[in-house]
Amino acid sequence: MKNVIITGVGGFLGGALARRLLKDGCEVYGISSSGKVGELESYHNFHCVTASFDQYDKLSELLPKVDYETFYHFAWSGVSGKEYSNIISQEKNLIASRQALECAISIKCKKFIFMGSSHEYLHDHSDEFIYFQENSIYGAAKKAAEIWCRAISKGQIFFNSVLFTNVFGVGDYSNRSTNQFISKMLTNEEINLIEGKNDHDWTYVDDAIEGILSVERDGVNGKQYYIGSRKLRKFSEIVIQVKRILNSDSKLNFGKYIDTKYVDYSQIDLEALYRDTGFECTSDFEMSILRTAKWLKMRECKKNEKT
């Protein structure tokens, strides 16, 4: 029986990983800033630890004294909206990540897995200027946190970081673009879009979780891994396919918005995870979209019932 720690356990991916590990029989110690973890409380092997970022310097005192296998660090605030570019907010995330790692080291946890972001490689071509990661405060903070953690971990704890792009699926209560597109297509709404000629990726939540677990089992110490498709497609191709799958009459207005920002996948090793662990995404894209659409419809119905 393994004891694991998951920060951000109340979020989409943190919660999905927790459910998977709980079903596998692990003892999961989930760290939540609010203490609201929904259905996770129904598992006898789930233990909620309420702690805000201000308390991360005392995490080792808040956690029970047991032998821990892996520390998964998901917690991050300001992934969208105004906080995305708020330096103070992103600094707090950076410090909390360092403190989470220091906690893992102090309690002699065997592995630490940091959840990075493809925004670490976000480029912006605006006017005559070309900006790289530094143009994204969020992406720069993620990259800085990863660099800090990798440097601190050396010789003290097994460390890996992982990257995702547009993880979607059942259980995502956010207002991210994947949910918006599917919801609008279900009601045949007109959708204004970027031109969409850059490489893009949508990863189903089941694949994201399996990818994380493959890194935990077989990842090479110190390496960063991208969890997603090994063969990328254009944004416009993906959105057109989603429309076809949903048999939607939505009008797709590509090029309505100027698209200057894109993830430079040439800087990411898309093959590293497959080479080192043998993992690759296996979820059927059509079935994944249909499952997500069904869940979004049910969620909307329940929302309407309450109102």
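**Close-up 1. Arginine 233 lies over the face of phenylalanine 285.** In this predicted model, arginine 233 is placed 5.2 Å from the ring centre of phenylalanine 285. That ring has plenty of aromatic company: Phe285 belongs to one aromatic cluster together with Phe168, Phe181, Trp202, Tyr204 and Phe235.

**Close-up 2. Lysine 111 puts its charged end over a ring too.** Here the partner is phenylalanine 158, and the charged end of the lysine sits 5.0 Å from the centre of the ring.

**Close-up 3. Tryptophan 76 and tyrosine 138 make an edge-to-face pair.** The structure holds 15 aromatic pairs, and this view picks out one of them. The ring centres are 6.3 Å apart and the planes meet at 80°, so the geometry counts as edge-to-face. The pair ties together distant parts of the chain, with the two positions 62 residues apart in numbering. Tryptophan 76 comes from the loop between β4 (70-73) and α3 (87-106), while tyrosine 138 belongs to helix α4 (residues 137-153). Are these two residues buried or exposed? Both tryptophan 76 and tyrosine 138 are buried.

**Close-up 4. Cysteine 109 has no disulfide partner.** How far is the sulfur of cysteine 109 from the closest cysteine sulfur? That neighbour is in cysteine 103, and the gap is 8.2 Å. A disulfide needs two cysteine sulfurs within 2.5 Å, so this distance is too far for a bond. Across the structure, the disulfide count is zero. Cysteine 109 is buried, at 5% relative accessible area. For cysteine 281 the relative accessibility is 29%, so that residue counts as partly exposed.

**Close-up 5. Asparagine 188 takes a positive phi.** Most residues other than glycine have a negative phi. Asparagine 188 is not a glycine, yet its phi is about 60°. You'll find asparagine 188 in the loop between α5 (177-186) and β10 (191-194). With 38% relative accessibility, asparagine 188 is partly exposed.

**Close-up 6. Asparagine 247 also has a positive phi.** Its phi is near 50°, again in a residue other than glycine. This asparagine 247 is in the loop between α7 (235-245) and β15 (252-257). Which exposure class does asparagine 247 fall into? At 66% relative accessibility, asparagine 247 counts as exposed.

**Close-up 7. Helices α5 and α7 cross at an oblique angle.** Their axes come within 10 Å, with a crossing angle of roughly 40°. That angle is why α5 and α7 are called oblique to each other. As for handedness, the crossing of α5 and α7 is right-handed.

**Close-up 8. Helices α7 and α9 are roughly perpendicular.** The axes of α7 and α9 come within 10 Å and cross at roughly 65°. Angles of 65 to 115 degrees count as roughly perpendicular, so α7 and α9 get that label. The crossing of α7 and α9 is right-handed.

**Close-up 9. Arginine 291 and valine 170 meet across a long sequence gap.** The two residues are 121 apart in sequence, but their C-alpha atoms are 7.0 Å apart in space. Arginine 291 is part of helix α9 (residues 285-306). With a relative accessible area of 40%, arginine 291 is partly exposed.

Technical notes. Residues numbered from 1 in each chain as written. Predicted model: local features only at pLDDT ≥ 70, side-chain atom pairs only at ≥ 80, totals over all residues. Heavy atoms only, no water. Buried < 20%, exposed > 50% of the residue type's maximum accessible area, 1.4 Å probe, protein only. Phe/Tyr/Trp six-rings, centres within 6.5 Å; stacked < 30°, edge-to-face > 60°. Helix = DSSP H or I, 4+ residues; strand = E, 2+ residues; numbered from the N terminus. Lys NZ or Arg CZ within 6 Å of the ring centre and 35° of its normal. Axes fitted to C-alpha atoms, helices over the stretch in contact; angles between N-to-C directions. Parallel < 35°, antiparallel > 145°, perpendicular 65-115°, else oblique. Left-handed = near helix turned anticlockwise from the far one by under 90°.
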